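User: I would like a close look at a single part of this protein. Please keep it brisk.

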Amino acid sequence: MQNVTIVELRPEAGAGSAGSSAILPPVVVIRPTRTQSTTPLRHRLPSVARRSIGAGMRMLGEEADHGRLLLFSPVFLGAGAAFWFVAASDFPLVASLLSLLVLTIAVLITGRSRAGLRATLLAPALFACGMLCAQFESWRASTVMLDSAVTTTVTGRVERREGDGRGRWRYILAVTGTEAPELKRPPGRITAIVRGADTPFEIGDLITGRARLTPPAGPALPELNDFSFGAYFDGIGANGFFYGAPEKDLEAGPQAARSTSEALLEWLYRLRSSIGDRIRSILPGDTGAFAAALVTDERRAISNATTEALRQSGLAHIVAISGLNMALSAGIFFVGFRMLLSLFPGVAQAYPTKKIAAAGALIAVTAYYLISGFGVSAERAFIMMAIMLVAVFFDRPSISLRNVVLSALVIIAISPSEVLGPSFQMSFAATLALVSGYQLWKDRRVRENAFLKLPIFRPVVAVAGFFGGVFLTSLIGGFSTALFSIEHFHRLTAYGLPANLATMPIISFIVMPAGLLAMLLMPFGLDAPLWKVVGFGLDLVIAVAKTVSGWGGDIGIGRLPAWYFAVAVAGFLLLMLLRTRLRHIGTSIIGVSTFVVLVLPVPRPPDLVISEDGSLVAVVAAAAIASNRENPPDFIFDQWQRALVLPTHSPPKMLDGPAVPPEGEDRRVRLSRDQQNEARAAMRAAVVSGEANRFSCVKKAWCTSRLGNGHVVAVIDNAAYLGPACDAADIVVTSVRLRFNSCRSGATLFTGETLRRTGSVELRFVDAGPEVVTAFETLSRPWMRHRAYDWRSNSFTESGLFNVSDNGE
């Protein structure tokens with residue numbers, strides 16, 4: 001029986017009515033007596049652990065009291081969307097809807113007194129909602145993707161256009177028809193390059209011409225960015241180029257849009273294009289292309305040299321219309337308009353000039369967004385600025401994490417596919433870090449220094465404060481986006497901080513103010529002098545970029561383990577979204593995961609890499625990457641070099657060989673037995689005499705290489721050499737889409753047909769045989785299904801390529 005203590009408490013006299021002297025009966029209270037616990041010491045929680053748990057619970061309660069748990073709502077919503085996109089197959093819609101319904105009902109019936117349970121149920125509900133948003137966006141897009149490369153006559157309406165400064169124009173066309181051959185599954189919208197046109201076509205024109213179309217590119221290597229994913233949700237079903245300049249249908253004239261919204265978009269794109277043309281006519285070269293990019297987000301006209309200098313110096317973010325551009329334009333308009341209103345005392349005293357200026361700035365940034373091309377960085381920045389300016393109307397704080405969260409929720413709900421893109425991730429990472437840093441700076445304890453308040457020191461303090469702010473902003477922005485730069489681009493920029501310190505005053509005080517005034521005066525034709533001022537500032541920025549890029553500092557990181565990115569992002573979010581010492585859990589997660597990556601053995605690189613169409617093959621060695629092309633395509637090869645951290649390219653050794661046999665009417669040429677023997681002997685001789693880990697090639701015929709481990713790979717451009725290649729090599733690669741997928745000799749064969757379904761390939765040779773890693777393991781997702789389409793049967797086939805009938809002899 002528990003020990004108790006009886007305590008007698010006698011109340012004081014006078015507790016009743018006034019003047020009463022009655023003695024009330026005593027009150028007896030029974031209290032448990034604290035005795036030494038009989039529980040063994042080893043079973044009791046240590047006092048340090050109890051204190052730690054108690055402190056953790058108190059901090060968690062403080063986070064909840066400050067609404068910090070609400071800040072994680074876009075995290076769970078975005079995680080649900082990302083989970084749906086990276087899954088191997090679609091989830092049943094009914095199951096997703098039922099899960100969301102059950103979780104929503106559970107959240108609603110949970111009382112507010114049970115905050116912990118409510119938050120626990122709300123997290124999976126948001127996760128399920130993110131999955132449904134992703135599924136709905138995929139259904140809404142329903143983009144028809146071209147299944148394989150084809151040459152056809154295309155007729156389409158110009159929806160957008162963008163020049164590249166070299167006489168070429170990139171058009172986005174709404175396809176209205178194809179012929180010779182007529183495609184059974186024509187894409188609804190394509191991008192096409194036009195060379196040699198005297199004048200660019202106008203938006204709305206109907207054009208027709210012979211074009212080479214290819215499906216949107218998949219990953220250059222397994223686990224790299226799948227460009228067909230973004231193309232699917234952008235509505236682009238094919239990319240290509242016209243053979244010569246297409247013709248304009250003069251009888252048709254400009255085509256009317258099919259709806260009011262399309263007519264409005266067409267007008268906006270026409271306005272955007274005319275603004276870009278106007279700026280480039282005043283400022284030629286890279287300066288004009290840079291200025292036009294800041295206004296209309298048309299970046300292709302900037303030369304490759306300048307683009308690379310901006311990237312290597314860490315200034316590429318200036319070109320993209322993002323938070324910097326929107327904030328400067330809104331801030332300049334807000335401050336300038338408010339100062340203008342203050343010049344009229346009657347207006348300033350009778351009306352809330354701050355709110356009027358905020359309304360004007362909101363109109364300005366809305367106009368900026370409408371002519372910017374609707375990029376995700378511009379969309380995020382616009383929503384952020386709109387929320388901040390609307391907050392002024394209600395006298396609420398403008399800069400807060402809740403505004404960032406609200407903009408993230410809007411973008412994820414509208415375009416959940418952006419969650420996996422580098423633009424969304426890097427822009428929100430920088431914004432989260434800057435807003436969190438601003439709040440820490442604002443809440444810091446400041447000791448007043450009367451000495452610095454003297455009038456003589458005020459200009460010095462102001463200048464130091466500006467450059468100090470630029471320094472901290474650049475430092476925070478660089479560190480916050482480093483993780484995402486490594487994941488998506490496999491590199492870091494070492495000298496971004498000094499480059500940003502040098503250019504931010506130019507952008508803030510010269511480029512953006514003059515550009516804003518130029519845009520306001522453009523309708524009156526008075527903008528040319530101001531664009532000259534903008535050009536002067538941008539010339540300085542380009543000079544800084546080229547100078548800093550000349551220092552080097554482009555650090556190649558390569559691919560990191562897939563788990564590291566997810567774990568590090570989780571730690572980053574904890575660090576940014578929490579306010580108590582609990583946020584340092586995120587710091588620990590980032591530090592420990594980074595340490596594990598550094599101490600673990602580096603994953604073995606592949607021995608052989610193959611592009612998704614089989615036209616480009618490379619042998620990976622310790623010192624260089626050797627390809628079968630003298631001038632490999634930059635789009636794929638640059639990604640290979642960055643991911644594998646092999647900047648040195650070893651071109652093939654070109655050999656004198658027999659002439660390429662002419663193709664027959666059926667495009668299948670069979671060599672005579674003597675020609676086969678001659679080709680077989682030439683391939684084997686090239687393998688024996690050639691350098692290890694380097695290709696020896698006969699132009700437009702075949703290439704061979706002996707790997708360091710003794711295996712032989714052959715790449716053939718002409719299917720006539722398939723038989724000799726199968727006899728001379730262990731691995732045979734061809735871009736030709738053959739009706740069989742293996743060699744009789746036992747050599748491993750990769751054809752254009754098999755690669756179309758598997759995507760790019762990595763091979764590692766181990767004791768058990770070649771280890772093959774492909775970009776795609778299944779083709780069941782909407783942005784992959786075009787790879788499983790067979791035009792012969794007009795159906796989708798997930799498996800069963802073609803039966804082996806011969807070895808190509």
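Is Ile109 buried or exposed, and what is its relative accessible area? Please take in the helix and the surface around it, then strand E7.

Analyst: This is a predicted model, in which local features need pLDDT of at least 70 and side-chain atom pairs count only at pLDDT 80 or more, while totals for chains, interfaces and linings use all residues. Residues are numbered from 1 along each chain as its sequence is written, and side-chain values use heavy atoms, with hydrogens and water left out.

Ile109 is exposed, because its relative accessible area is 67% (exposed means over 50%, buried under 20%, partly exposed in between; 1.4 Å probe, protein chains only). Ile109 belongs to helix H3, residues 93-109 (helices, H or I, are DSSP runs of at least four residues and strands, E, of at least two, numbered from the N terminus).

Ile109 also helps to make a nonpolar surface patch of about 640 Å². Its other members are Val94, Leu98, Leu101, Ile105 and Leu108. Patch residues have over 30% relative accessible area and no salt bridge; nonpolar side chains (Val, Leu, Ile, Met, Phe, Trp, Tyr) are joined within 5 Å, like charges within 9 Å. A salt bridge puts a side-chain nitrogen of Lys or Arg within 4 Å of a carboxyl oxygen of Asp or Glu. Areas come from the Shrake-Rupley method with a 1.4 Å probe; for residues, only the protein chains shown count as cover.

Now strand E7, residues 238-242. Ala238, Gly240 and Phe242 form its covered face. Asn239 and Phe241 form the uncovered one. E7 pairs with strand E5 (residues 189-195) in the parallel sense, over four bridges (pairing needs at least two DSSP bridges between two strands). Ala238 is the bridge partner of Ile190. Strand E6 (residues 206-214) pairs with E7 in the antiparallel sense, over four bridges. There, Gly240 is the bridge partner of Leu213.
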